[in-house]
Amino acid sequence: MSVKTFITINDSRWDKYRIDFAHIVNVAMRAAMANDKTEDIIKKSNWTIAPWMPSVGVGAAFGKISREVSIILTDDPEIQKLNKKYRGKDTPTNVLSFETGDAELMGDIYISFDSVKRESIEHRAQSIDKNFIDHATHLIVHGVLHLLGYDHCDDKDARTMEALEVRILAQLGIKKPYDNSPLANCQSEEQRAKSKDKISWKNSMLYALCSMLCGAVASLGFAPFNLWWATILGIGGAYYLVTKRSDKSVLYSILFGAAYAVASFWWVLNSIYVVPELAAEFAIWTIPGIIGIAIGGALVFSLPFLALRRRWTPPRGRAILFAAAWTAVLWLREWFLTGFPWNPVANITMPFPALSNSMSLWGALGLTFIIVGFTASITEFFISRKAKGNFINAGIFASLSIIGIGYGYWNILGSIEFCKGSCNRPVIRIVQPARSAEQKATHSREQAIANANENIQKLAELAQAPGNPDIIVFPETVYPFVIRQEGDDLPLARELGRPIIIGATSWRDGSFYNSMIVANADGKIENIYSKSHLVPFGEYRPLGDIIPTPGQLSRGAGATQLAISNEQLAINFVPAICYEIIFSDSLVPRGTNPQAIVNLTNDTWFGRTPGTYQHLDMARRQAIEMGLPVVRANYSGISAFIGADGHVVSSIPIGFAGALDGTVGAAHMTPYRYIGRDWMMAIILAFSILCIAILRRKRK
């Protein structure tokens, strides 16, 4: 007697293990036939009996029937779906048997790689000698016996079935798979499930803590820590946990996202305590703020991991799907609540100029896709070391990295300006007042006016430091009086006798704006640019009056190009106020050819927390993507001249008052600026879909 065994491989990780399933099935069948009379098996299995069989004898006829068994090697997501559909249990399991009720086409056996791997590890932890192949063999034997009508719904049936399994496995050279105590052999399925659930609960708690730790560690790759490897380990570790424990993937994804967000963005709440008056009113919102950050992070950063639950994605395509999902989430963060695409994973490459300059080719989106994809591909080796898809995926992302590094080096060379004689560029002076928020605060009308006049005088003193600048740039909201319209007079510019760019609050049509004011040397205001990306809960109320907000500003018209000049020199630039500098491809209008980006900001709110350093890196990233140098005037953070390759040419440190003179370097068009953010996202998605489609082919 022999049984035809058909194997379908739905998960390529099974390729690593050379298991002779046909031999296992035949041994199990022969042992079962020897254990019971043929008539008992037919009765037990409820098989359909051909009309001619009684006339020749059931046993003789049964021996002549050719039998077929189908084994499907799959994973947890697929077997969980079957378990829910046919058994009403929305959890993965190790093996499922589906009997046909036919003596020839006996049925299908589904076996999950994830569950077999996990259980074989758990058994080793319990000092039970059962490796992966042994455990898989045991489950196939178990599935075959189910097709033959054996069951373990009560203690008696369980003892009978387990005793037969032990004898079959002994013939296959495998030791007794159950504990030696009689009690364990006689346990019902429910009792064994409870014992397993207890162990599973402990492992789940450990995995949950590890997921949160991965989220916290992943935040350390960014400034000022710059532990790039920590971000790789954090994301890779979470990917491993979610992939290995697909039954708990939602929980682990949410915990990772919450921890990652809190560890990355806790510093925004530092702003509550900068101004004493604000601290007295808003300190009560600290804990709700932390909870809100955690909830937001759980919703946002869990999405790439939840994408791995899609059943149609084979293990060979998981790394690419994960990278595409992470990149898509970064892209979507450009708009939610006016947008907050802070700290793209690409920023961990800032210590490596050639690699970080690959953002001139495909932006932070593309470099994030490569880093996350390469991390997931390497992690797949720890999940299934010999799966061919791992080598393919790792090769794809490694090749893209090499291409990016090559172009990044070229971009650095293109940012170096070789001038014969003078480049004839205006000398720009950045003024950093570094006055505390307490000094800017107002208490009464008289005191407010006195403070305002004192602040203007301090600005003038700093701006009049030795030197001969052509243009003077002041930080965000540094001018203490409200500006109404173009054409008005700005006395500070006239006093300094030079064109100035300065941040102030403006008033137009019944609304207040956070604005950049451009005035000529005569003190006449020539341009007013107003911020369009407002800070939620800081500059406007996204939830109305539910959560109090210090200001309620209106949005400006968006990206534009401005010009400022003296009698001899002029410069075209695009304006960016505060964190507008973090928005990829939203500053430079199409068809313009600016020479620089001028960024006015005020990081006093965040002091020496990571946010201040990360904000500088976001400006450096923008310079690389756009191929434009950046003039960055900060109230009390880090003011700097940044080259088009992202390197900081010169700067004023946090908390220091002073003036810094410099010129803007060479500007150039980059492929990323030409392609644009949205088209680059479309290219990434198309590339991902193509790769997954190729890798999705199932082997049988």
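The largest nonpolar core of this predicted model holds 108 residues. Five of them touch the most other members: Phe256, Phe322, Trp326, Val473 and Ile501. Helix 18, residues 359-383, gives this core its largest share, twelve residues. A second core of 37 residues stands separate; among its members are Trp14, Val25, Met29 and Met106.

Take Ile501 next. Setting aside neighbours within four places in sequence, Ile501 is in contact with Ile472, Val473 and Phe474. Its contacts also include Met516, Ile517 and Val518. Ile564, Phe573, Val598 and Leu600 complete the list.

Phe256 leads to helix 12, where Phe256 is one of the buried residues. Helix 12 runs over residues 249-265. At 1.5 Å a residue, its 17 residues should span 24 Å. The C-alpha atoms at its ends are 24 Å apart, so the model agrees with that expectation. Twelve of the 17 residues are buried, so helix 12 is largely enclosed by the rest of the structure. The buried set includes Ser249, Tyr252, Ser253 and Leu255. It also includes the run Gly257, Ala258, Ala259, Tyr260 and Ala261. Ser264 and Phe265 are buried too.

Now turn to strand 14, residues 630-634, where Asn634 is found. Asn634 has a relative accessible area of 0%; buried means under 20%, so Asn634 counts as buried. A polar atom of its side chain lies 3.4 Å from the backbone nitrogen of Gly637. Not counting residues up to four places away in sequence, Asn634 touches Val431, Gln432, Pro433 and Pro475. Asn634 also touches Thr601, Asn602, Asp603 and Ser639.

How values were computed
Residues numbered from 1 in each chain as written. Predicted model: local features only at pLDDT ≥ 70, side-chain atom pairs only at ≥ 80, totals over all residues. Heavy atoms only, no water. Helix = DSSP H or I, 4+ residues; strand = E, 2+ residues; numbered from the N terminus. Buried < 20%, exposed > 50% of the residue type's maximum accessible area, 1.4 Å probe, protein only. Polar contact = N/O pair within 3.5 Å; in protein donor to acceptor, adjacent residues only side chain to side chain. Contact = heavy atoms within 4.5 Å. Core = buried A, V, L, I, M, F, W, Y, C linked by side-chain atoms within 4.5 Å. Expected span 1.5 Å × (residues − 1).
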